[in-house]
Amino acid sequence: MKNRLKVLRAERDMTQAGLAEETGVSRQTINAIEKGKFDPSLPLAFRFSKLFGLAIEDIFQDEQEL
Amino acid sequence: MLYIWENAYICKYNFTFNQINMTMETQKNLRSLEAKRLTTRLAAWTGAWMLSFALVNFGSRFLWDYNETISIIAVLVNLVLGAGMVISNIRHLRNLDELQRKISLEAMGITLGVTLVVGLAYSNLDIANVIPFDAEISHVVILMGLCYLFSILILNSRYK
């Protein structure tokens with residue numbers, strides 16, 4: 001699954017640690033998601049969606065659909 | 001009058017804003033404190049269990065000269081501390097975030113599989129008299145610990 005997490009974070013001038021704190025996960029998790037090594041759960045995806053004020057599909061895209 | 005009212009409104013707004021900020025900060029601090037508390041508690045239970053285990057092993061020989069009643073009490077204490085360690089471990093795992101939980105789950109799966117397969121093969125070597133010494137359960141425990149440790153290290157490096 002691809003995601004725009006790194007771009008969205010950069011647009012808001014946030015660090016990985018900052019985003020991790022805001023969403024209640026570790027910095028390692030944010031890094032793994034950004035690199036596409038780990039797909040987040042639905043509750044975590046909703047937390048990103050709420051934080052960035054975007055729909056989940058605007059943050060995460062299924063690679064097969066692209 | 002209007003000035004006082006405006007000031008009061010600003011103060012109220014600032015107070016609410018500060019309260020929200022403080023709540024978010026407090027939540028973050030609480031999460032971090034909870035993680036530290038659970039890790040410390042797990043370490044304490046594990047340490048206590050290990051000490052009680054050593055006490056049962058060496059105490060019967062050196063302290064109470066194989067007195068059955070004391071040995072049974074020591075084993076019961078060891079079991080109770082073991083149960084505390086297991087509960088503490090479950091609480092620690094529940095507090096991990098989803099990636100850390102996934103890493104732990106994979107490491108436990110690898111450890112279980114390796115211990116089962118290698119442990120039974122090792123036991124068979126003893127039964128078939130291929131190895132000149134007895135296959136001890138402690139060897140399996142060492143294998144289990146090392147396997148879990150290396151699995152955690154390798155899996156953590158994979159998600160870096």
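**Close-up views of a predicted two-chain model**

**View 1. Chain B meets chain A.** In this predicted model, eight residues of chain B are in contact with 12 residues of chain A. Two helices of chain B, α1 (2-62) and α3 (98-127), each supply at least two residues of the side that touches chain A. α3(B) gives the largest share of that side, three residues. By type, the residues of this side of chain B divide into five charged, two nonpolar and one polar.

**View 2. The fold of chain B is helical.** Chain B holds four helices and zero strands. Along the sequence the pattern reads α-α-α-α. Of the 160 residues in chain B, 9% are buried. Contacts between residues at least 6 apart in sequence were also sorted by separation: in chain B, 70% of them join residues at least 24 apart.

**View 3. B:Ala107 and its contacts.** Neighbours within four places in sequence are left aside here. B:Ala107 is then in contact with B:Tyr148, B:Ser151, B:Ile152 and B:Leu155. B:Ala107 also belongs to the largest nonpolar core, shown in View 6.

**View 4. Helix α2 of chain A and its end.** α2(A) covers residues 16-23. Its buried residues are A:Leu19, A:Glu21 and A:Thr23. A:Gly24 follows the helix, and the phi of A:Gly24 is positive, near 75°.

**View 5. α2(A) packs against α3(A).** Two packed helices are described by the angle between their axes and the distance between the axes. For α2(A) and α3(A), residues 27-34, the angle is about 110° and the axes lie 8 Å apart. Angles of 65 to 115 degrees count as roughly perpendicular, so α2(A) is roughly perpendicular to α3(A). On the α2(A) side, A:Gln16, A:Ala17, A:Leu19 and A:Ala20 make the contact. On the α3(A) side, A:Arg27, A:Thr29, A:Ile30 and A:Asn31 do so. The residues of this contact divide into four nonpolar, three polar and one charged.

**View 6. The largest nonpolar core draws on both chains.** This core has 10 residues. Chain A provides A:Leu5, A:Leu19, A:Val25, A:Ile30, A:Ala32, A:Ile33 and A:Phe48. Chain B provides B:Leu99, B:Ile103 and B:Ala107. The elements that give two or more residues to the core are α3 of chain A and α3 of chain B. A:Leu19 and A:Ile30, both in this core, also take part in the contact of α2(A) with α3(A). α3(B), for its part, also gives the largest share of the side of chain B that touches chain A.

Conventions:
Residues are numbered from 1 along each chain as its sequence is written. Chains are lettered from A and ligands numbered from 1 in the order in which they are written. This is a predicted model: local features need pLDDT of at least 70, side-chain atom pairs count only at pLDDT 80 or more; totals for chains, interfaces and linings use all residues. Two residues are in contact if their C-beta atoms, placed from the backbone, lie within 7 Å. Ala, Val, Leu, Ile, Met, Phe, Trp, Tyr, Cys and Pro count as nonpolar, Asp, Glu, Lys and Arg as charged, and the others, Gly among them, as polar. A residue is buried if 20 or more other C-beta atoms lie within 10 Å of its own, exposed if 12 or fewer, and partly exposed in between; C-beta atoms are placed from the backbone. Axes are lines fitted to C-alpha atoms, for helices over the stretch in contact, and angles run from 0 to 180 degrees between N-to-C directions. Angles under 35 degrees count as roughly parallel, over 145 as roughly antiparallel, 65 to 115 as roughly perpendicular and the rest as oblique. A nonpolar core is a set of buried Ala, Val, Leu, Ile, Met, Phe, Trp, Tyr and Cys residues joined through C-beta atoms within 7 Å.
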